[in-house]
Amino acid sequence: MTFIARRAALLTPALLTLAIALPMTAGAQTPPNRYADSSRCAQGSAFFVENRSEIPIAEIYVRVTGATGWGEDRLGERVLGRGERLDLDPGQQIVDVLMLTYDGRAQLAPRQNACVISWIRVNPDRTLEIR
């Protein structure tokens, strides 16, 4: 089995689970002041995803919040190992960021204002840190 086929077999169940679970998070509380500082958009909307965990991130998806489907994997053929990062610039919008690790687990950062955040980190304990 090729690397891509093996990766797809591992990650497809995680994507399906997230497609079902994400709409249920729509009423979740948004952190205070997350959308308050839109002046940063004048300087750009780029941020990065950094992996600080031992498990490589196999796929990263970004979509406009409320959109259906996830589109293309932003990593393409590469894998985001420990200490590596991926720069993203989704434009001046509110986005959901989905990260799938090589062991099939999903990490989701929903409703992030690309104009306000600077980075998303996957920590060694698998928690997300967003600033």
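## The three-stranded sheet

In this predicted model, three strands make up an open sheet in the order β2-β4-β5, and their pairing is antiparallel. The edges of the sheet are taken by β2 (57-64) and β5; each has a single partner strand, so one side of each is left without a neighbour in the sheet. On average, neighbouring strands of this sheet are turned by 15° against each other, with direction ignored.

## The β4-β5 hairpin

Strand β4 covers residues 94-101 and strand β5 covers residues 106-113; the two run antiparallel and are joined by six bridges. Among the residues paired in this way, Ile-94 has Asn-113 of β5 as its bridge partner, while Val-95 is matched with Gln-112 of β5.

Together, β4 and β5 form a hairpin, with four residues between the strands. Within the turn, Gly-104 has a positive phi of about 90°.

## The surroundings of Arg-121

Arg-121 belongs to strand β6, which spans residues 119-122. Is this residue buried or exposed? Arg-121 has a relative accessible area of 14%, and because the cut-off for a buried residue is under 20%, Arg-121 counts as buried.

Leaving aside residues up to four places away in sequence, Arg-121 touches Glu-50, Arg-52, Thr-127, Leu-128 and Glu-129. With one of these residues, Glu-50, the side chain of Arg-121 also makes a polar contact of 2.6 Å, side chain to side chain.

Conventions. Residues are numbered from 1 along each chain as its sequence is written. This is a predicted model: local features need pLDDT of at least 70, side-chain atom pairs count only at pLDDT 80 or more; totals for chains, interfaces and linings use all residues. Side-chain values use heavy atoms; hydrogens and water are left out. Buried means under 20% relative accessible area, exposed over 50%, partly exposed in between (1.4 Å probe, protein chains only). A polar contact is a pair of N or O atoms within 3.5 Å; within protein, one must be able to donate a hydrogen and the other to accept it, and residues adjacent in sequence count only if both atoms are side-chain atoms. Contact means heavy atoms within 4.5 Å. Two strands pair if DSSP finds at least two bridges between them. Axes are lines fitted to C-alpha atoms, for helices over the stretch in contact, and angles run from 0 to 180 degrees between N-to-C directions.
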